[in-house]
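Thank you all for making the time this morning. I would like to walk through one structure with you, starting with its charged side chains and then moving on to how some of its elements meet.

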Amino acid sequence: MSRSTLRVSAINAEIRKAQTAAPAIPASKASAKAAAREKAAAAAAAAPKGAGEIRIIGGLWKRTRLQVASRPGLRPTPDRVRETLFNWLGQDLDGWRCLDAFAGTGALGLEAASRGAAAVQLVENDAALVAQLHKLQQKLEATAVRVQRGDGVAALGQAAPGSLDLVLLDPPFDSELFDPALKAAAGAVAAGGFIYLEAPAAWTDERLAPLGLALYRHLKAGAVHAHLLRPLGAGAAAA
């Protein structure tokens with residue numbers, strides 16, 4: 001083989017080597033970009049969503065998202081818990097009379113109104129939250145909803161005995177309002193009605209019986225214990 005042939009072969013080998021190595025740089029850059037995109041997506045997934053917002057789960061306003069005021073200690077009932085609660089109650093609350101004694105964002109009471117409740121009273125003591133509830137009521141044109149600033153336990157005490165089909169109780173977890181609220185709710189709920197209680201610990205039949213109530217359903221979701229209660233003798237049964 002001549003020297004010129006050897007020289008050409010060597011040059012061709014270098015060209016092939018360069019062609020093989022050349023794509024490595026763009027591939028490396030593409031991998032870096034892909035990794036960056038994955039990292040950004042992971043960060044976005046980890047970021048909290050729905051802060052300052054509630055979502056109606058079912059009924060007339062199903063999937064409607066509503067902005068709500070952000071207040072210290074405010075703890076809207078999680079979507080999963082609300083969905084379970086209204087599965088327990090049945091999807092149609094047509095004609096029901098309801099009182100949400102510690103309304104907060106209004107998530108529970110507005111959910112009841114969305115599902116056909118005839119009258120929903122939202123009681124809240126915080127002025128900023130009351131103003132927000134009025135805005136939500138107007139936005140939804142929720143004629144069945146009445147917003148009241150005041151004490152939830154007092155509002156239950158003022159309700160006529162047996163006048164409510166559903167009482168919603170979600171007091172501040174660090175308060176001493178549970179016993180008085182349950183006692184007042186027991187007097188206001190109809191014989192065939194329901195009381196929903198959200199609490200940091202489970203309430204047993206032994207603890208509820210002196211109040212004239214019995215456990216009907218219970219769910220634990222994280223730090224939240226969701227209870228559906230009924231008056232004693234109303235066919236209540238733990239599940």
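Let me say at the outset that what you see is a predicted model, and please keep that in mind throughout.

I will begin with the charged pairs. Side chains of opposite charge can pair when their charged atoms come close. In this model the count comes to six salt bridges, and I will take you through some of them.

Take Arg-55 and Asp-79, whose side chains meet in a salt bridge with a nitrogen-to-oxygen distance of 3.1 Å. This pair links distant parts of the chain, since Arg-55 sits in strand β1, residues 53-55, while Asp-79 belongs to helix α3, residues 79-89, and the two are 24 residues apart. As for their surroundings, Arg-55 is partly exposed at a relative accessible area of 24%, and Asp-79 likewise counts as partly exposed, with 29%.

Asp-79 also meets a second arginine, Arg-82, in a salt bridge of 2.6 Å, again taken from N to O. Here the partners lie three residues apart in helix α3, so that about one helical turn separates them. Is Arg-82 buried or exposed? Its relative accessible area is 1%, and because anything under 20% is called buried, Arg-82 is placed in the buried class.

The next pair is Glu-111 with Arg-115, where the closest N and O atoms are 3.1 Å apart. Glu-111 is buried, with a relative accessible area of 0%, and Arg-115, at 6%, counts as buried too. Salt bridges that share partners bring Arg-55, Asp-79, Arg-82, Glu-111 and Arg-115 together in one network.

That brings me to the helices. Two packed helices are described by the angle between their axes and the distance between the axes. For α3 and helix α4, which spans residues 107-114, the angle is about 40° and the axes are 11 Å apart. The two helices are therefore oblique to each other, and their crossing is right-handed.

Which residues make this contact? From α3 come Arg-82, Leu-85 and Phe-86, and from α4 come Ala-107, Leu-108, Glu-111 and Ala-112. Sorted by class, the contact of α3 with α4 has five nonpolar residues, two charged ones and no polar ones. You will recognise Arg-82 and Glu-111 in that contact, both of which are also members of the salt-bridge network.

Let me finish with two residues in strands. Leu-99 has its place in strand β3, residues 97-100, and counts as buried at 1% relative accessibility. Not counting residues up to four places away in sequence, Leu-99 touches Gln-121, Val-123, Ala-155, Leu-156, Leu-164, Leu-166, Val-167 and Leu-168. With one of these, Val-167, the separation along the sequence is 68 residues, yet the C-alpha atoms of Leu-99 and Val-167 are 5.0 Å apart in space.

Gln-121, which is found in strand β4, residues 119-124, counts as buried at 16% relative accessibility. If we leave aside its neighbours within four places in sequence, Gln-121 is in contact with Cys-98, Leu-99, Asp-100, Arg-146, Gln-148 and Ala-155. Ala-155 therefore appears in the contacts of both Leu-99 and Gln-121, and I am happy to take questions from here.

Terms used:
Residues are numbered from 1 along each chain as its sequence is written. This is a predicted model: local features need pLDDT of at least 70, side-chain atom pairs count only at pLDDT 80 or more; totals for chains, interfaces and linings use all residues. Side-chain values use heavy atoms; hydrogens and water are left out. A salt bridge is a side-chain nitrogen of Lys or Arg within 4 Å of a carboxyl oxygen of Asp or Glu. Helices (H or I, at least four residues) and strands (E, at least two) are DSSP runs, numbered from the N terminus. Buried means under 20% relative accessible area, exposed over 50%, partly exposed in between (1.4 Å probe, protein chains only). Axes are lines fitted to C-alpha atoms, for helices over the stretch in contact, and angles run from 0 to 180 degrees between N-to-C directions. Angles under 35 degrees count as roughly parallel, over 145 as roughly antiparallel, 65 to 115 as roughly perpendicular and the rest as oblique. A crossing is left-handed if the near helix is turned anticlockwise from the far one by less than a right angle, and right-handed if clockwise. Contact means heavy atoms within 4.5 Å. Ala, Val, Leu, Ile, Met, Phe, Trp, Tyr, Cys and Pro count as nonpolar, Asp, Glu, Lys and Arg as charged, and the others, Gly among them, as polar.
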